[in-house]
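Visitor: Could you take me through one part of this protein slowly? I am new to this and would like to see how a single piece sits among its neighbours.

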Amino acid sequence: MRLSIVIVSYNVRYYLEQCLRSVFASRVEGGLEVFVVDNASSDQSIAYLKPLFPEVTYIQNHENVGFSRANNQALRLAKGEYVLLLNPDTILTDHTLQDCLTFLDQHPKAGATGVAMYSHSGKFAWESRRGLPTPWTAFCKMSGLGALFPHSTLFGRYYMRYLPRLEASRIEVISGAFCMIRRKALDEVGLLDEDFFMYGEDIDLSFRLLKGGWENYYHPTPILHYKGESTQKSSYRYVHIFYEAMLIFFNKHYRHQYRLFALLLPLIVKTRAGIDLLQRYLKARTPKRETDWEADMTHYTVRSYGTMTYTQMIEERVKAYEHGDRRSLGVRYTESGITVLPNDILR
């Protein structure tokens, strides 16, 4: 088996449907297997998806066991030479998987690779490549120095904006939204750390790969990522889990090396979490610009076209964006499927 794909889902069945459509429209030499682990969704995800994708192996949990534990359930069953951790709110092009497999074959020291992630508005997601959150890097991120000097190798290491976006690069942290891993490397460093319920597990795994002598890479092949569709990001629970994950990572890897910083970190994290929560609350209350896309959207449903339409569309829109066309990528989800919008929708 060439590739095993693991997708953990929680109440995002329509996003997951489109993700799976893009997976099975992909070119993969050597075959693939797909696991969907459902974390006790209330939207009847498994019952809805089984008739559409009978070739998928489904694991249905009766409680939300978290992202790391759910991934590990499938990873223990996976037989692929490579394994891919994939978020359900992503869409691949028809050559995304083969691009990454070929790249990993050509770089035997590569333990894993990520890809270039784009939002529906056409913006490049800086989470596509990151540096390890060392105390200094984390300080620059939380203090705003990284935002003030984004292209600085000293202050902007968190998002590594100084690296070219259209070229493959060695990086430190690969996003868990799309992380293709060499199985041999995973067996050596171990599965995801289940102390991380959600967030931080990708940083921890990336760090362990580096410590194990492997290299992590960013590959510029593009995908769409509707970041965090299953999470209420303005909620206290989200902010708490996110920053708690950062504390777990620091205590695991840096606490004994930076003892003074370890004493101050809980206060720094709580302060930053409070500011972050306030910013998200104010943003959520800001009125959004009205658009008129709803009136014509029935004419643009991808299901009325060929199977490959959406992957071809993604490629065309991403290429146009890279060459200066700053229009929206023009994709929106509805219960009837993925929709290509007729107008420029900028959010």
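What follows is a close look at strand 4 and its surroundings.

Guide: Happy to! Keep in mind that this is a predicted model. Please find strand 4, which covers residues 82-86. Is this strand buried or exposed? Five of its five residues are buried, so strand 4 is largely enclosed by the rest of the structure. To see how, look at its two faces. Tyr82, Leu84 and Leu86 lie on one side, while Val83 and Leu85 lie on the other, and both faces are covered.

Now look at the strands beside it. Strand 1, residues 3-9, pairs with strand 4 in the parallel sense, over five bridges. With strand 8, residues 178-182, the pairing also has five bridges, but its sense is antiparallel. Leu84 is a handy landmark for both pairings: Ile5 stands opposite Leu84, and in strand 8 the bridge partner of Leu84 is Met180.

Next, follow Leu85 into the interior. The largest nonpolar core has 36 residues, and Leu85 is among those with the most contacts inside it, along with Ile181, Leu205 and Leu209. Helix 3, residues 67-75, gives the most to this core, with four residues. In soluble globular proteins, nonpolar side chains tend to be buried together.

Ile181 is a good place to pause. Leaving aside residues up to four places away in sequence, Ile181 touches Tyr82, Val83 and Leu85. Its other contacts are Gly111, Ala112, Leu186 and Leu205. Apart from the largest core lies another one, of 33 residues, and Ile5, the residue opposite Leu84, is one of them. Ile46, Phe53 and Ala177 are also among its members.

For contrast, let your eye move to the surface. Trp136, Phe139 and Leu154 make a nonpolar patch of about 310 Å² there. Phe139 belongs to helix 5, residues 135-143. With a relative accessible area of 40%, Phe139 is partly exposed, because that value falls between the 20% and 50% cut-offs. Helix 5 has buried residues too, namely Pro135, Thr137, Ala138, Cys140 and Met142. Just after this helix, Gly144 takes a positive phi of about 95°.

To come back to where we began: strand 4 has strand 1 paired with it in the parallel sense, strand 8 paired with it in the antiparallel sense, and buried residues on both of its faces.

Technical notes: Residues numbered from 1 in each chain as written. Predicted model: local features only at pLDDT ≥ 70, side-chain atom pairs only at ≥ 80, totals over all residues. Heavy atoms only, no water. Core = buried A, V, L, I, M, F, W, Y, C linked by side-chain atoms within 4.5 Å. Buried < 20%, exposed > 50% of the residue type's maximum accessible area, 1.4 Å probe, protein only. Helix = DSSP H or I, 4+ residues; strand = E, 2+ residues; numbered from the N terminus. Contact = heavy atoms within 4.5 Å. Pairing = 2+ DSSP bridges. Patch = residues over 30% accessible without salt bridge, like charges linked within 9 Å, V, L, I, M, F, W, Y side chains within 5 Å. Areas by Shrake-Rupley, 256 points an atom, 1.4 Å probe, with all protein chains shown as cover. Salt bridge = Lys/Arg side-chain N within 4 Å of Asp/Glu carboxyl O.
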